Amino acid sequence: MSWGTELWDQFDNLEKHTQWGIDILEKYIKFVKERTEIELSYAKQLRNLSKKYQPKKNSKEEEEYRYTACRAFLSTLNEMNDYAGQHEVVSENLASQILAGLARYVQELKQERKSHFHDGRKAQQHIETCWKQLESSKRRFERDCKEADRAQQYFEKMDADINVTKADVEKARQQAQIRHQMAEDSKADYSSNLQKFNHEQRDYYHTHIPNIFQKIQEMEEQRIVRLGESMKTYAEVDRQVIPIIGKCLDGIVKAAEGIDGKTDSQLVIEAYKSGFEPPGDIEFEDYTQPMKRTVSENSLSNSRADSKAEPKFGGKPKGKLWPFIKKNKVLAVGTWCE
(Lines give C-alpha, C1' and ligand atoms only; values in the text may rest on other atoms or scores of the structure.)
Protein backbone atom coordinates (compact mmCIF):
# COMPACT_ATOMS: atom_id res chain seq x y z
CA MET A 1 0.00 0.00 0.00
CA SER A 2 1.42 3.33 -1.08
CA TRP A 3 0.61 6.67 0.48
CA GLY A 4 1.24 8.31 -2.89
CA THR A 5 -1.69 6.53 -4.51
CA GLU A 6 -3.97 5.86 -1.55
CA LEU A 7 -3.54 9.21 0.22
CA TRP A 8 -2.92 11.50 -2.75
CA ASP A 9 -5.36 14.11 -1.39
CA GLN A 10 -4.36 13.91 2.32
CA PHE A 11 -1.38 16.26 2.39
CA ASP A 12 -2.50 18.09 5.55
CA ASN A 13 -3.36 14.90 7.44
CA LEU A 14 -0.02 13.34 6.57
CA GLU A 15 1.70 16.46 7.82
CA LYS A 16 -0.15 16.16 11.13
CA HIS A 17 0.48 12.41 11.38
CA THR A 18 4.23 12.67 10.83
CA GLN A 19 4.45 15.45 13.41
CA TRP A 20 2.61 13.17 15.82
CA GLY A 21 5.19 10.47 15.07
CA ILE A 22 8.03 12.81 16.01
CA ASP A 23 6.16 13.75 19.20
CA ILE A 24 5.91 10.05 20.11
CA LEU A 25 9.64 9.60 19.53
CA GLU A 26 10.47 12.61 21.68
CA LYS A 27 8.14 11.31 24.39
CA TYR A 28 10.01 7.99 24.37
CA ILE A 29 13.34 9.83 24.62
CA LYS A 30 12.02 11.72 27.63
CA PHE A 31 10.86 8.43 29.18
CA VAL A 32 14.30 6.82 28.77
CA LYS A 33 16.00 9.93 30.13
CA GLU A 34 13.85 9.85 33.26
CA ARG A 35 14.61 6.13 33.63
CA THR A 36 18.36 6.85 33.58
CA GLU A 37 17.87 9.47 36.29
CA ILE A 38 15.86 7.03 38.39
CA GLU A 39 18.54 4.35 38.01
CA LEU A 40 21.27 6.77 39.09
CA SER A 41 19.22 7.96 42.04
CA TYR A 42 18.40 4.39 43.06
CA ALA A 43 22.05 3.35 42.81
CA LYS A 44 23.07 6.31 44.96
CA GLN A 45 20.47 5.45 47.59
CA LEU A 46 21.57 1.81 47.64
CA ARG A 47 25.20 2.81 48.11
CA ASN A 48 24.28 5.20 50.91
CA LEU A 49 22.16 2.50 52.53
CA SER A 50 25.02 0.00 52.35
CA LYS A 51 27.46 2.53 53.75
CA LYS A 52 25.08 3.50 56.55
CA TYR A 53 24.96 -0.03 57.96
CA GLN A 54 28.63 -0.88 57.51
CA PRO A 55 30.31 -1.53 60.90
CA LYS A 56 32.43 1.29 62.22
CA LYS A 57 36.09 0.50 62.69
CA ASN A 58 37.40 0.01 66.21
CA SER A 59 33.90 -0.07 67.63
CA LYS A 60 31.69 -2.55 69.40
CA GLU A 61 29.83 -3.12 66.13
CA GLU A 62 32.99 -4.50 64.55
CA GLU A 63 33.25 -7.11 67.31
CA GLU A 64 29.68 -8.21 66.61
CA TYR A 65 30.61 -9.27 63.08
CA ARG A 66 32.38 -12.39 64.32
CA TYR A 67 28.93 -13.99 64.50
CA THR A 68 27.87 -15.83 61.37
CA ALA A 69 24.56 -13.95 61.12
CA CYS A 70 26.35 -10.60 61.30
CA ARG A 71 28.94 -11.71 58.76
CA ALA A 72 26.10 -12.70 56.43
CA PHE A 73 24.57 -9.25 56.88
CA LEU A 74 27.94 -7.67 56.08
CA SER A 75 28.12 -9.76 52.91
CA THR A 76 24.62 -8.57 52.03
CA LEU A 77 25.75 -4.95 52.40
CA ASN A 78 28.75 -5.55 50.15
CA GLU A 79 26.65 -7.34 47.55
CA MET A 80 24.12 -4.51 47.58
CA ASN A 81 26.95 -2.11 46.86
CA ASP A 82 27.82 -4.17 43.77
CA TYR A 83 24.11 -4.39 42.98
CA ALA A 84 23.96 -0.58 42.98
CA GLY A 85 26.85 -0.53 40.52
CA GLN A 86 24.77 -2.51 38.03
CA HIS A 87 22.02 0.10 38.18
CA GLU A 88 24.66 2.70 37.34
CA VAL A 89 25.67 0.54 34.38
CA VAL A 90 22.03 0.42 33.23
CA SER A 91 21.82 4.20 33.41
CA GLU A 92 25.06 4.68 31.48
CA ASN A 93 24.12 2.17 28.77
CA LEU A 94 20.65 3.64 28.30
CA ALA A 95 22.21 7.06 27.84
CA SER A 96 24.93 5.91 25.44
CA GLN A 97 23.04 3.25 23.46
CA ILE A 98 19.63 4.93 23.18
CA LEU A 99 19.51 8.59 24.17
CA ALA A 100 22.55 9.81 22.25
CA GLY A 101 21.54 8.11 19.00
CA LEU A 102 17.85 8.97 19.20
CA ALA A 103 18.55 12.62 19.95
CA ARG A 104 20.59 12.93 16.74
CA TYR A 105 18.05 10.91 14.79
CA VAL A 106 15.17 13.16 15.86
CA GLN A 107 16.98 16.23 14.59
CA GLU A 108 17.73 14.51 11.28
CA LEU A 109 14.13 13.33 11.07
CA LYS A 110 12.81 16.84 11.58
CA GLN A 111 15.03 18.17 8.80
CA GLU A 112 14.04 15.37 6.43
CA ARG A 113 10.35 15.86 7.16
CA LYS A 114 10.69 19.60 6.65
CA SER A 115 12.39 19.03 3.30
CA HIS A 116 9.71 16.60 2.04
CA PHE A 117 6.80 18.81 2.97
CA HIS A 118 8.62 21.82 1.55
CA ASP A 119 8.81 19.97 -1.76
CA GLY A 120 5.14 19.08 -1.42
CA ARG A 121 4.12 22.69 -0.81
CA LYS A 122 6.31 23.81 -3.67
CA ALA A 123 4.51 21.36 -5.96
CA GLN A 124 1.17 22.56 -4.60
CA GLN A 125 2.07 26.17 -5.23
CA HIS A 126 3.17 25.35 -8.76
CA ILE A 127 -0.07 23.57 -9.63
CA GLU A 128 -2.05 26.38 -8.02
CA THR A 129 -0.15 28.90 -10.14
CA CYS A 130 -0.93 26.87 -13.25
CA TRP A 131 -4.58 26.76 -12.22
CA LYS A 132 -4.70 30.51 -11.74
CA GLN A 133 -3.13 31.02 -15.17
CA LEU A 134 -5.69 28.70 -16.68
CA GLU A 135 -8.56 30.49 -14.98
CA SER A 136 -7.20 33.86 -16.04
CA SER A 137 -6.83 32.82 -19.69
CA LYS A 138 -10.28 31.25 -19.58
CA ARG A 139 -11.89 34.44 -18.27
CA ARG A 140 -10.00 36.50 -20.83
CA PHE A 141 -11.13 34.17 -23.62
CA GLU A 142 -14.71 34.42 -22.39
CA ARG A 143 -14.50 38.22 -22.20
CA ASP A 144 -12.90 38.54 -25.64
CA CYS A 145 -15.55 36.29 -27.15
CA LYS A 146 -18.29 38.47 -25.72
CA GLU A 147 -16.53 41.60 -26.95
CA ALA A 148 -16.10 40.07 -30.41
CA ASP A 149 -19.76 39.10 -30.50
CA ARG A 150 -20.84 42.61 -29.55
CA ALA A 151 -18.47 44.10 -32.14
CA GLN A 152 -19.89 41.77 -34.79
CA GLN A 153 -23.44 42.72 -33.89
CA TYR A 154 -22.52 46.41 -33.98
CA PHE A 155 -20.90 46.00 -37.39
CA GLU A 156 -23.93 44.22 -38.77
CA LYS A 157 -26.19 46.93 -37.38
CA MET A 158 -24.06 49.67 -38.92
CA ASP A 159 -23.86 47.84 -42.24
CA ALA A 160 -27.64 47.50 -42.39
CA ASP A 161 -28.26 51.17 -41.61
CA ILE A 162 -28.47 53.20 -44.84
CA ASN A 163 -27.94 56.42 -42.96
CA VAL A 164 -24.47 55.40 -41.75
CA THR A 165 -21.52 56.48 -43.81
CA LYS A 166 -19.30 53.99 -45.53
CA ALA A 167 -16.38 55.09 -43.38
CA ASP A 168 -18.27 54.33 -40.18
CA VAL A 169 -19.25 50.93 -41.51
CA GLU A 170 -15.63 50.21 -42.41
CA LYS A 171 -14.51 51.32 -38.98
CA ALA A 172 -17.06 49.01 -37.34
CA ARG A 173 -15.96 46.16 -39.59
CA GLN A 174 -12.30 46.66 -38.66
CA GLN A 175 -13.20 46.83 -34.97
CA ALA A 176 -15.13 43.58 -35.28
CA GLN A 177 -12.16 41.93 -36.99
CA ILE A 178 -9.85 43.13 -34.23
CA ARG A 179 -12.18 41.73 -31.59
CA HIS A 180 -12.43 38.44 -33.43
CA GLN A 181 -8.65 38.24 -33.64
CA MET A 182 -8.34 38.98 -29.93
CA ALA A 183 -10.85 36.23 -29.23
CA GLU A 184 -8.86 33.82 -31.39
CA ASP A 185 -5.66 34.77 -29.59
CA SER A 186 -7.36 34.32 -26.21
CA LYS A 187 -8.70 31.00 -27.37
CA ALA A 188 -5.23 29.84 -28.35
CA ASP A 189 -3.79 31.08 -25.06
CA TYR A 190 -6.55 29.37 -23.11
CA SER A 191 -6.03 26.15 -25.04
CA SER A 192 -2.29 26.30 -24.41
CA ASN A 193 -2.77 26.95 -20.71
CA LEU A 194 -5.33 24.17 -20.49
CA GLN A 195 -2.95 21.68 -22.06
CA LYS A 196 -0.16 22.90 -19.81
CA PHE A 197 -2.33 22.64 -16.71
CA ASN A 198 -3.53 19.14 -17.58
CA HIS A 199 0.05 18.07 -18.12
CA GLU A 200 1.17 19.64 -14.84
CA GLN A 201 -1.80 18.17 -13.02
CA ARG A 202 -1.02 14.67 -14.29
CA ASP A 203 2.58 15.10 -13.18
CA TYR A 204 1.45 16.47 -9.84
CA TYR A 205 -0.98 13.67 -8.96
CA HIS A 206 0.79 10.79 -10.67
CA THR A 207 4.47 11.68 -10.32
CA HIS A 208 5.39 14.50 -7.93
CA ILE A 209 2.97 13.81 -5.07
CA PRO A 210 3.40 10.00 -5.20
CA ASN A 211 7.18 10.41 -5.10
CA ILE A 212 7.06 12.89 -2.23
CA PHE A 213 4.51 10.85 -0.28
CA GLN A 214 6.53 7.70 -0.90
CA LYS A 215 9.58 9.35 0.67
CA ILE A 216 7.44 10.53 3.58
CA GLN A 217 6.07 6.99 4.01
CA GLU A 218 9.59 5.52 3.99
CA MET A 219 10.67 8.16 6.49
CA GLU A 220 7.75 7.32 8.78
CA GLU A 221 8.31 3.57 8.51
CA GLN A 222 11.99 4.07 9.32
CA ARG A 223 10.98 6.08 12.38
CA ILE A 224 8.76 3.22 13.54
CA VAL A 225 11.54 0.67 12.97
CA ARG A 226 14.02 2.86 14.83
CA LEU A 227 11.65 3.17 17.77
CA GLY A 228 11.21 -0.61 17.84
CA GLU A 229 14.98 -1.14 17.78
CA SER A 230 15.37 1.31 20.66
CA MET A 231 12.80 -0.61 22.69
CA LYS A 232 14.71 -3.84 22.06
CA THR A 233 17.93 -2.14 23.16
CA TYR A 234 16.11 -0.87 26.24
CA ALA A 235 15.27 -4.44 27.22
CA GLU A 236 18.72 -5.74 26.28
CA VAL A 237 20.43 -3.18 28.53
CA ASP A 238 18.54 -4.64 31.48
CA ARG A 239 19.14 -8.19 30.31
CA GLN A 240 22.92 -7.64 30.19
CA VAL A 241 23.16 -6.91 33.91
CA ILE A 242 20.88 -9.76 34.99
CA PRO A 243 23.77 -12.30 35.29
CA ILE A 244 25.80 -9.97 37.51
CA ILE A 245 22.76 -9.04 39.58
CA GLY A 246 22.09 -12.77 39.87
CA LYS A 247 25.62 -13.27 41.20
CA CYS A 248 25.02 -10.54 43.77
CA LEU A 249 21.85 -12.26 44.90
CA ASP A 250 23.61 -15.64 44.89
CA GLY A 251 26.25 -14.10 47.13
CA ILE A 252 23.56 -13.00 49.56
CA VAL A 253 22.01 -16.47 49.54
CA LYS A 254 25.40 -18.12 50.04
CA ALA A 255 26.15 -15.82 52.96
CA ALA A 256 22.74 -16.61 54.45
CA GLU A 257 23.40 -20.32 54.09
CA GLY A 258 26.61 -19.82 56.07
CA ILE A 259 24.66 -18.70 59.13
CA ASP A 260 25.11 -21.33 61.86
CA GLY A 261 23.21 -21.08 65.10
CA LYS A 262 25.48 -23.60 66.84
CA THR A 263 28.58 -21.65 65.91
CA ASP A 264 27.08 -18.39 67.15
CA SER A 265 26.00 -20.11 70.36
CA GLN A 266 29.57 -21.28 70.94
CA LEU A 267 30.81 -17.74 70.36
CA VAL A 268 28.40 -16.52 73.03
CA ILE A 269 29.87 -19.08 75.44
CA GLU A 270 33.39 -17.95 74.63
CA ALA A 271 32.43 -14.33 75.11
CA TYR A 272 30.57 -14.57 78.39
CA LYS A 273 31.83 -17.72 80.17
CA SER A 274 33.08 -16.73 83.66
CA GLY A 275 35.08 -19.85 84.35
CA PHE A 276 33.58 -20.21 87.84
CA GLU A 277 32.38 -23.52 89.21
CA PRO A 278 28.83 -23.74 90.52
CA PRO A 279 28.66 -23.89 94.37
CA GLY A 280 28.42 -27.29 96.01
CA ASP A 281 25.83 -28.56 98.47
CA ILE A 282 25.54 -26.80 101.82
CA GLU A 283 25.99 -29.14 104.76
CA PHE A 284 23.49 -29.33 107.56
CA GLU A 285 24.56 -27.35 110.62
CA ASP A 286 23.30 -28.86 113.83
CA TYR A 287 22.85 -26.17 116.48
CA THR A 288 21.86 -28.72 119.07
CA GLN A 289 25.49 -29.76 119.43
CA PRO A 290 27.37 -27.86 122.15
CA MET A 291 30.51 -28.10 120.18
CA LYS A 292 31.55 -25.31 117.95
CA ARG A 293 30.01 -25.80 114.63
CA THR A 294 32.26 -26.25 111.72
CA VAL A 295 31.68 -24.71 108.45
CA SER A 296 32.08 -26.80 105.41
CA GLU A 297 34.20 -25.73 102.52
CA ASN A 298 31.07 -24.90 100.59
CA SER A 299 29.34 -22.98 103.39
CA LEU A 300 27.95 -19.51 103.17
CA SER A 301 30.95 -18.18 105.10
CA ASN A 302 33.32 -19.42 102.48
CA SER A 303 30.99 -18.08 99.84
CA ARG A 304 31.13 -14.69 101.56
CA ALA A 305 34.88 -14.74 101.66
CA ASP A 306 35.13 -15.84 98.08
CA SER A 307 32.67 -13.20 96.92
CA LYS A 308 35.01 -10.45 98.10
CA ALA A 309 37.51 -11.39 95.45
CA GLU A 310 36.46 -10.43 91.92
CA PRO A 311 37.94 -12.87 89.42
CA LYS A 312 39.23 -11.53 86.18
CA PHE A 313 37.44 -12.36 82.90
CA GLY A 314 38.69 -15.67 81.59
CA GLY A 315 40.95 -16.34 84.61
CA LYS A 316 40.74 -19.17 87.14
CA PRO A 317 38.50 -18.55 90.11
CA LYS A 318 40.10 -18.11 93.49
CA GLY A 319 37.08 -19.53 95.28
CA LYS A 320 33.60 -20.76 94.72
CA LEU A 321 30.68 -18.36 94.43
CA TRP A 322 26.98 -18.59 94.75
CA PRO A 323 26.08 -16.49 91.68
CA PHE A 324 22.33 -16.42 92.24
CA ILE A 325 22.45 -14.57 95.56
CA LYS A 326 23.30 -10.89 95.66
CA LYS A 327 26.55 -9.93 97.32
CA ASN A 328 25.01 -7.93 100.17
CA LYS A 329 22.72 -10.79 101.07
CA VAL A 330 25.63 -13.22 101.17
CA LEU A 331 27.52 -10.92 103.50
CA ALA A 332 24.52 -10.52 105.74
CA VAL A 333 23.95 -14.24 106.04
CA GLY A 334 27.62 -14.86 106.64
CA THR A 335 27.73 -12.31 109.42
CA TRP A 336 24.64 -13.76 111.03
CA CYS A 337 26.08 -17.24 110.84
CA GLU A 338 29.18 -16.12 112.61
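How do α2 and α5 lie to each other, roughly parallel or roughly perpendicular? Keep that in mind while you look around; point 2 comes back to it. Here are my notes on the structure, which is a predicted model.

1. **The overall layout.** If you scan the chain for secondary structure, you will find eight helices and zero strands. Reading from the N terminus on, the order is simply α-α-α-α-α-α-α-α. The chain has 338 residues, and 29% of them are buried.

2. **α2 beside α5.** Back to the opening question. Helix α2 takes in residues 11-52 and helix α5 takes in residues 166-257. Their axes come within 11 Å and cross at roughly 15 degrees. Angles under 35 degrees count as roughly parallel, so α2 and α5 are roughly parallel to each other. The handedness of this crossing is left-handed.

3. **α2 beside α4.** Now turn to α4, the helix of residues 68-160. Here the axes of α2 and α4 are 8 Å apart, and the angle is about 165 degrees. An angle over 145 degrees counts as roughly antiparallel, and α2 and α4 are therefore roughly antiparallel to each other. As for the hand of the crossing, α2 passes α4 in a left-handed way.

4. **A spot where the α2 and α4 backbones can be compared.** Try finding Ala95, which sits in helix α4. Its C-alpha atom is 8.0 Å from the C-alpha atom of Val32, although the two residues are 63 apart along the chain. Ala95 is partly exposed, because its relative accessibility is 32%.

5. **Salt bridges between α2 and α4.** Side chains of opposite charge can pair when their charged atoms come close. The structure holds eleven salt bridges. One of them joins Glu15 and Arg121, with 1.9 Å between the closest N and O atoms. Glu15 belongs to helix α2 and Arg121 to helix α4, so this pair ties together parts that are 106 residues apart in sequence. Arg121 is partly exposed, at 34% relative accessibility.

6. **Another pair across those helices.** Glu26 and Lys110 also meet through their side chains in a salt bridge, at 2.7 Å from N to O. Since Glu26 lies in helix α2 and Lys110 in helix α4, the pair ties together parts that are 84 residues apart in sequence. How covered are the partners, buried or partly exposed? Glu26 is partly exposed, with a relative accessible area of 31%. Lys110 is partly exposed too, with a value of 32%.

7. **A salt bridge within α5.** Glu220 and Arg223 have side chains that meet in a salt bridge, 2.6 Å from N to O. These two are three residues apart in helix α5, so about one helical turn separates them. Both Glu220 and Arg223 are buried. Elsewhere, Arg35, Glu39 and Asp238 are joined into one network by salt bridges that share partners.

8. **Ile127 and its partner in space.** Next, look for Ile127 in helix α4. Ile127 counts as buried because its relative accessibility is 11%, and the cut-off for that label is under 20%. What separates Ile127 from Glu200 in sequence and in space? They are 73 residues apart in sequence, with a C-alpha to C-alpha distance of 6.6 Å.

9. **The loop ahead of α4.** Tyr65 is in the loop between α3 (60-64) and α4. Is this loop residue buried or exposed? Tyr65 is buried, with a relative accessible area of 14%. The C-alpha atom of Tyr65 is also 8.1 Å from that of Pro55, and the two residues are ten apart along the chain.

10. **A nonpolar patch on the surface.** Finish with Leu49, Tyr53 and Phe73, which form a nonpolar patch on the surface. Together the three have about 290 Å² of accessible area. Phe73 is a residue of helix α4. Its relative accessible area is 37%, which means Phe73 is partly exposed.

Notes: Residues are numbered from 1 along each chain as its sequence is written. This is a predicted model: local features need pLDDT of at least 70, side-chain atom pairs count only at pLDDT 80 or more; totals for chains, interfaces and linings use all residues. Side-chain values use heavy atoms; hydrogens and water are left out. Patches are made of residues with over 30% relative accessible area and no salt bridge: like charges are joined within 9 Å, nonpolar side chains (Val, Leu, Ile, Met, Phe, Trp, Tyr) within 5 Å. Accessible areas come from the Shrake-Rupley method with a 1.4 Å probe; for residues, only the protein chains shown count as cover. A salt bridge is a side-chain nitrogen of Lys or Arg within 4 Å of a carboxyl oxygen of Asp or Glu. Helices (H or I, at least four residues) and strands (E, at least two) are DSSP runs, numbered from the N terminus. Buried means under 20% relative accessible area, exposed over 50%, partly exposed in between (1.4 Å probe, protein chains only). Axes are lines fitted to C-alpha atoms, for helices over the stretch in contact, and angles run from 0 to 180 degrees between N-to-C directions. Angles under 35 degrees count as roughly parallel, over 145 as roughly antiparallel, 65 to 115 as roughly perpendicular and the rest as oblique. A crossing is left-handed if the near helix is turned anticlockwise from the far one by less than a right angle, and right-handed if clockwise.
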